[in-house]
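Open the model in your viewer and keep the selection box handy. We will move from stop to stop, picking residues and looking at what surrounds them.

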Amino acid sequence: MNGPGATDLEIPRGRLIRSRVGVASALDAAFSRELTGYARIEPDSLLADGEPGVVTFAEGVPRAAYCERGTGDGERRGDSHEPERPIGGDSRGVDALAALAGPGPCSVELYELPADALAEVHDAPEFSVPPGAPAEELADDPALAERTRDRAPADAHDGEASALESFLEDEERIAAIQEEARAEAEQRAAEWGLDDQLE
Amino acid sequence: MVEALAVASGKGGVGKTTSTLALGMALAADHDVTVVDADTGMANLCFHTGLADADTTLQDLLLADSDAAVEDAVYDRFGLSLVPCGTSLAAFREADPTRLRAVVAELAADTDVLLLDSAAALGSQSAVLPLVLADRTVVVLQPTIPSLSDGLKVQEYARSYGTETAGVLFNRVQDDEAIDRVAEQAEQYFGGPTLATIPESDAARAARRAGEPLLAYAPDSAAAAAYRRAADRLDLQDRDEDAVADRFRSAVIPEPP
């Protein structure tokens, strides 16, 4: 792990076991079949710039995350010891979840791998994610998050910073969500005959 | 004095109705409060207040051929004036959502604070109407990215109709340590302050099952105390009630196509 770049995350391709649209159903499938491997997530939303990411699993429980999209301003408050990452760089751990979360559908493929192929990634704290976070933040499925936390080993990720904090630090991304919502609101107001109520 | 507040979330499951009633009961200590179930497509205030069998509801008032008077749909319970909405799908389809503005205008003339429990979705005219009619919004959030994203979206919809955010409630909070940082970060994006962070509570679920608002069922719970703090922080604005009622009446909302 010597600096940013997709090449840091060396995961063999593995065996494709499921390809489907929707993070929620993919995470649920990974959990049900106790998948050891990873999900390749490709957001279809323009907001995420279409940059793909991965969430890795051990026996169906999410362990690590990586996204080729950076989280905007390239630094995290409260992590001053961490080197500043360049704008447009990659993101890791909860930052990667933040980069992958948000409105819009995703295409997800599930791949199976032998556990030892993921050992290096799962031992690297910078990629680590809380077990329930992908279900909560990517799939908006608190029940699955709870089931996942129940199955997670006691030594699962216990980092302080959350994906939500990382998301809230990305001012550019939030501005994009606001702009898109404003445009949608104005377009729909016209469709509903409410445009004369707009300010 | 009257201020109409839309309580909105952008997504379901965040405890919006629980929050509306809790905020209403807390505000009722100092004000006359009327709570309207303006979530006409997914009405559930009646189940939180033991009014599932109410004879006349908002749904009756929204029917074009209705001869029900607004006062027939107002029920005094728990120190509040409650206007539940029925759950009949047939009546929902026949309802004319634009009649809501006349109902709200009449209610506004006779209360201090009007809380509109609004739809969780933004996909229809009837869902957006409470945001159009209200003076300001209270946005109910859970501390997750999907909820914050949807909350930001609701805020933009409301703002596009000139309805600013009065404050934000973080509900169903499990991680006490992280929430203060999250709330502080979120404040820069929302037009109003974080009114309170409400801990995840078994009492809220039990209250719902019992058909009572949280503040009646478990007034001493930590969640109830947090809602009372939220009500204290909510900086209600004095508005001339006649002007407010006139504004509702004059809101030019055409018939649905």
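One definition will help at several stops: a residue counts as buried under 20% relative accessible area, as exposed over 50%, and as partly exposed in between. Keep in mind, too, that this is a predicted model.

**Stop 1: chain A on its own**

Select chain A and show it as a cartoon. You should find seven helices and six strands. Traced from the N terminus, the elements follow the order β-α-β-β-β-β-α-β-α-α-α-α-α. Of the 199 residues in chain A, 50% are buried. Now think about how the chain folds back on itself: among contacts between residues at least 6 apart in sequence, 70% join residues at least 24 apart.

**Stop 2: colour by confidence**

Keep chain A selected and colour it by pLDDT. The average for the chain is 83, and 81% of its residues score at least 70. Which strand has the highest confidence in chain A, and which the lowest? Strand β3 (residues 53-58) of chain A is the highest at 96, while strand β1 (residues 15-21) of chain A is the lowest at a mean of 84.

Two stretches call for a cautious eye. In residues 1-7 of chain A the pLDDT is below 50, and the model gives this stretch 16 contacts beyond near neighbours in sequence. Residues 73-87 of chain A also have a pLDDT below 50, with 18 contacts beyond near neighbours in sequence.

**Stop 3: where chain A touches chain B**

Bring chain B into view and colour the two chains separately. Here 35 residues of chain A are in contact with 34 residues of chain B. Between them the chains bury about 3200 Å², and 58% of that is on carbon and sulfur atoms. Show A:L168, A:W192 and A:Q197 as sticks: in chain A they lose the most area to chain B, together 20% of what that side buries.

Next, count the polar links. There are 13 residue pairs in polar contact between chain A and chain B, with both residues at pLDDT 80 or more. On the chain A side, the elements that give two or more residues are α2 (94-100), α4 (133-138), α6 (163-169) and α7 (171-191) of chain A. Which element gives the most to this side? Select α7(A), which provides ten residues. By type, the residues on this side of chain A divide into 17 nonpolar, four polar and 14 charged.

**Stop 4: salt bridges across the interface**

Side chains of opposite charge can pair when their charged atoms come close. Across the interface of chain A and chain B there are four salt bridges. Zoom in on A:E184 and B:K153, whose side chains meet in one with 3.2 Å from N to O.

Then select A:R182, B:E156, B:R159 and B:E164 together, and you will have a network of linked salt bridges on screen. Within that group, B:R159 and B:E156 meet at 3.3 Å, N to O. Both lie in helix α7 (residues 145-160) of chain B, three residues apart, or about one turn of the helix. Is B:E156 buried or exposed? With a relative accessible area of 6%, B:E156 is buried, whereas B:R159 is partly exposed at 22%.

**Stop 5: two more salt bridges**

Over all chains, the structure holds 20 salt bridges. For one of them, select A:R40 and A:E42: their closest N and O atoms are 2.8 Å apart. A:R40 is partly exposed at 31% relative accessible area, and A:E42 is partly exposed at 28%.

Now go to B:E200 and B:R205, where the closest N and O atoms of the salt bridge are 3.9 Å apart. B:E200 has a relative accessible area of 29% and is partly exposed. B:R205 is partly exposed because its relative accessible area is 36%, which falls between the 20% and 50% limits.

**Stop 6: a buried arginine**

Finish at B:R136, in strand β6 (residues 136-141) of chain B. B:R136 counts as buried, at 10% relative accessibility. Where does its side chain reach? Show the backbone of B:D235: the side chain of B:R136 comes to its oxygen at 2.8 Å. Expand the selection and, leaving aside neighbours within four places in sequence, you will meet the contacts of B:R136, among them B:E3, B:L5, B:T163, B:E164, B:L236 and B:R239.

Technical notes
Residues are numbered from 1 along each chain as its sequence is written. Chains are lettered from A and ligands numbered from 1 in the order in which they are written. Side-chain values use heavy atoms; hydrogens and water are left out. Contact means heavy atoms within 4.5 Å. Buried area is the accessible area (1.4 Å probe) that two parts lose on being put together, summed over both. A polar contact is a pair of N or O atoms within 3.5 Å; within protein, one must be able to donate a hydrogen and the other to accept it, and residues adjacent in sequence count only if both atoms are side-chain atoms. Helices (H or I, at least four residues) and strands (E, at least two) are DSSP runs, numbered from the N terminus. Ala, Val, Leu, Ile, Met, Phe, Trp, Tyr, Cys and Pro count as nonpolar, Asp, Glu, Lys and Arg as charged, and the others, Gly among them, as polar. pLDDT is the predictor's confidence in each residue, from 0 to 100. Buried means under 20% relative accessible area, exposed over 50%, partly exposed in between (1.4 Å probe, protein chains only).
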